[in-house]
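Notebook open, pencil ready. Today I am looking up how some protein chains meet, and I will jot down each thing as I find it.

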Amino acid sequence: MMLILLIMLLFVGGLLVWLADRARLADARWLTLILLGCGLGLLLFGYANAGSVEVVGRQWYLGYHIPWIQRFGINLTLAVDGLGFVMVLLTLFLGLVAVLSSWREIEHSRGFFHFNLLWTLAGVVGVFTALDLFLFFVFWEVMLVPMYFIIAIWGHENRTYAALKFFIFTQASGLLMLLAIVGLVYYQYQASGILTFNYFVLLDTPLTAQVGYWLMLGFFIAFAVKLPAVLVHSWLPDAHTQAPTAGSVILAGVLLKTGAYGIIRFVVPLFPEASAQFASLAMALGVGSIIYGAALAFAQTDLKRLIAYTSISHMGFVLLGVYAGNEEGLQGAVMTMLAHGMTSAALFAFAGAIQQRIHTRDMRQMGGFWTRAPRLGAWVLFFSVAALGMPGLANFVGEFLVLIGAFKANAWITVAACAGLILAPVYSLLVIQKVFHGEPQPERQLTDAGTREVVMLGMMAVITVVLGLFPHLILDLVSGGLSLLPPDAPVSGDLSVGLGLLQEPIN
Amino acid sequence: MLELLWLVPTLPLVGFLLLVFGRLPRRLAACVGVGSVALAALLTLLIALTFLNLPQGEQVFRQSLWLWFQAGELEAGFNLYLDPLALVMMGIITGIGFLIHLYSVGYMAEDTAFNRFFAYMNLFVAAMLILVLGDNLLVLYLGWEGVGLCSYLLIGFWYDNPANGYAARKAFIVTRIGDTSMALGLFLLFMQLSTLDIQGITEQAQANWQPGTGLPVLAAALLLGGALGKSAQLPLQTWLPDAMAGPTPISALIHAATMVTAGVYLIARMHGLFLLAPQVMLAVAVIGAATLLISGFTALVQTDIKRILAFSTMSQLGYMFLALGVGAWSAAIFHLMTHAFFKALLFLAAGAVILSLHHEQNIFNMGGLRKRLPLSFWSFMIGGLALAALPLTSGYYSKHEILLAAESFEQAGDWLWLAGVLGALMTGLYTFRLIFIVFFGADKTSAHEGVGLVIRLPLMLLCVLSIVGGWIPLPFAGVFPVLESGHGSSTKEWLGTLAPMLGILIAFACFYRRNAIVDGLSRSYPGQLIRRFWFSGWGFDWLYQLFLITPFMCLVAINKKDVVDGGYRLLAWFISGLHRLLSFSQTGRVRWYATVILLGVVGFVAMGVVR
Amino acid sequence: MTGVPIEHGLLLAAILFCLGLLGVLVRRNIIFVLMSMEIMFNAVGLAFISAGSRWAEPDGQIMFMLVLTLAAAEVAVGLALVLQLYKRFKTLDLDVLSKLKG
């Protein structure tokens, strides 16, 4: 019940914010902040009081289930396990950060902007909670459209191009996923006579190796585009660079994670054999992303574009960890997702802050900002250092676990991935050097970080440190039997319980 | 008392946090910065007193703080481990650290970023303490990267000069290459032994692995990579001379006394594993010998006072590696300690000289400073004598032990010994070249020693330590396997003692006064060539620039626009071309459309008729 | 009852239709094009009536009524558009009015 309330809160709240702003009743920013705060409270309260159901060896909380389009076996099925919960938490938190980071940036039609922001977040929350494949697809599309508007309306100089590119890449790959979903449902119907989109039922679909591989590819490509993996990444630098700050924060912090979440939740459990077969290729893609992203990040002169390419590099670690096929790798991947959520969001917020102050993103025109803005510099230094994998901070936990897991699976690929460890300081420290170090420019007026920015960055920094030193706060939630690739732990879908979830509303 | 072990790294860490978030006034900042390290040193002393009273064989203390990592088979707690080795390192770090902090109060008095400096320094001390106290390789790695970060921050402390930033990044990235090798070593050890506890690894490795087989050799070699990077040994040594861009107390603390010895500590700590890999041990010895010779020659032609000391540091680290390689573990740590005393002294004295000359670092712009800067002169003299290992100074005892161990090493022992003795000669030569040029000869400056007590006191204390440090007994019985070193021939022993004196004599002959032969030699064409070759540090930078950096930069520059994106742009271009082609048929002329409709109708009718 | 044979009526209708079509295709003045279309309408109407009288059915004449109303409506709307076009572009040349293209 709590989840549907949460999603409705975001959808309806979005409309309210828009209307309130048009009627000049309230400040859209404050209203959005309050809404997201309520959402966070709702989620935490619900989670604290929730009973759980065990299905396929995982504990599911906050389940909600009512029929929707019964003729096709489509239901509104929502529930979270530890992974989903953590992801929803991240989404709402970064929503707050996004609102704060664009506090002064959005000047026209604030109401519509925050409407789009809330609807994107609603879509993302839906993606992280939906356990009906049709519903999942609906949410997948819902998060896309408002994001398109955010980039296309409030973006920077080349926004139309970037927004369109983002839309086409996601849409085209989403179509492949729709095909794969329909195909999967069709094969399930052929085998058992049940027409359903229920996740738990579909876990047990009997597939021939070849069909399984193709269907798996359909899902994988959609998620790889979102992730993004190298070769299908090229929407990301444009979209991240052109989006307004809040858009970049949400894109990097949350939207990319839906791709990784999709792989963990759908690709691997639905197609265990095909995924195992595909694992080394996927790991190679991950390594490709790590190195390619890092090398390109180093080449950039546009601050936001540089940070965007580092995202590709970091998400490569996630891909590597997921397909390592062991507990270490998977937990590392989840940790990297969270850590990257914090650091990339913080760095984009910083890039936005700089652009707002000096009206350029070109690093060649920056330098020596430490003199004028030491507080901002210190925060950025912290997050850059976190991004390059300093032990004691969250990113290290993630990357280390990923690498140690990947090393077990395939030593040589891991050796290549370690090049990423060397390249990470090369680009991270470049940012510090180009922006904050160097000859001070006395003619540039530059205000230091204000209270709003300090609060925003401080919150993320605290989370980064806490996760880095006490990763168990999160990992324990997530770990309990994440689906691994065979032969480590073959997924055994408990069909009867799955059907139980299908028939009775759980709460 | 031992239960307070966790407090030792925590105190400087708290100092760091206070300095960062506290916005303290300058005086208070100095109190916090120095005080936290002083407290840590005091606590270390108390812990040492308790610890050394434990009966031998039980001198181990383990403290579990919390469970840090747990995933799958991996389980690593945030645990501290105290044994005599860690204790000695702790003593060096907090003791020397305190003296250098005190000195910094005077040295940095004029700097605007006073608080930032002490914040970084405190963070460094905390990280270094965690490094030596780590019970498992993960905690050690945390400290390892932490000191690297602080080194980066402090080398680039004066950020307004891009050259400093470059040196800082170079230091971080080059050591990161080593660290990555070390991380791979960690992965390998974990995969094979399912643990990262240092003691656990040692036990399991000795139980499961045969000496000299592939796995221990590979694991030891990968760890060695990390040690080479941190300790500036061949081939990852190029960052250390550039690291002198930082303030001089940093060079003393990080790039002489503590951080650069982390590699030595790592190998000593993992000696159980290294003993299983004799090939790697030999490599350690050879690398040490090569580094000590190469940097000795390089130091001979440098003109910057700090760079001379930097190359000398590399050279002395080479001695330590040589000792480790031949299995003389305690000799290596002994030399680590004495080196920390006299090299810190030399750097601090150099700092005093630089301060008195208003940041002049070229030794040829100095001269005759003996009268003008008596304290610096005597500090330099004592430090130099200890560095050159003249009898009765601390350096003599440690270096003597190393040479003795090298001599009795069964594989190529003679050659290693020869390198060591030649290095000792070079040490005397370049050290006293520096001293003669800077402190003797014609008076070229108008400096006067206007340094306060906070600078004098550390210098004097370090002078004392540099002399008597050789008599400090190290409690290493039972920690390291004992090396059965038979007495070498007494001729060799005499040679080892006399070599540095010979070096000093040569320095006296060549550099005490301007010498026509030396001038002629260095002006001649081959002399110039060799000079330039040595001056550049034997061309390593040039080599890396040519084979690593330039190709990488080229690749990156070519691909700046992202080839993959280029592919998609090509696709988009192709499709829009197609679109343009089709839109030719749309002329906008109604009559043209009507004609086409007519043709279409006729065509369809014709199709119907023909059929 | 003898009248004009259907062939004659249809032939005339066909000739008229072709004349109208030719007018639509070759004339550039929009008024003439509209007039040519009227001719085509009437040709079609003639064909309906001829056919209706041949089979003595009223349908043909009903259809002609429809065609007439359609033509009237078309002329009303069309002329209004022509007026607007002229006001805007000061020309009635169809080849000049070719904005509607890709």
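**Entry 1: the smaller notes, chain C with chain B.** I began with the area buried between chain C and chain B, which is about 970 Å², with 59% of that from carbon and sulfur atoms. Buried area here is the accessible area (1.4 Å probe) that two parts lose on being put together, summed over both.

Before going on, I noted that this is a predicted model, where local features need pLDDT of at least 70, side-chain atom pairs count only at pLDDT 80 or more, and totals for chains, interfaces and linings use all residues. I also noted that residues are numbered from 1 along each chain as its sequence is written, that chains are lettered from A and ligands numbered from 1 in the order in which they are written, and that side-chain values use heavy atoms, with hydrogens and water left out.

Next I looked up contacts (heavy atoms within 4.5 Å): 13 residues of chain C are in contact with 11 residues of chain B. I then found one salt bridge between chain C and chain B; the term means a side-chain nitrogen of Lys or Arg within 4 Å of a carboxyl oxygen of Asp or Glu. Its partners are Arg591(B) and Asp95(C), at 2.5 Å from N to O. On the side of chain C that touches chain B, I read off seven nonpolar, two polar and four charged residues. For these classes, Ala, Val, Leu, Ile, Met, Phe, Trp, Tyr, Cys and Pro count as nonpolar, Asp, Glu, Lys and Arg as charged, and the others, Gly among them, as polar.

**Entry 2: chain B with chain A.** How many residues of chain B are in contact with chain A? I found 52, and they touch 59 residues of chain A. Between these two chains about 4800 Å² is buried, and carbon and sulfur atoms give 72% of it. Tyr159(B), Arg176(B) and Phe187(B) supply 15% of the area that chain B buries against chain A, more than any other three residues.

I looked for salt bridges here too and got one, joining the side chains of Asp565(B) and Lys165(A) at 2.6 Å, N to O. α6(B) gives the most to the side of chain B that touches chain A, with 16 residues. By class, that side has 34 nonpolar, seven polar and 11 charged residues.

**Entry 3: chain B by itself.** I saw 26 helices and two strands in chain B; helices (H or I, at least four residues) and strands (E, at least two) are DSSP runs, numbered from the N terminus.
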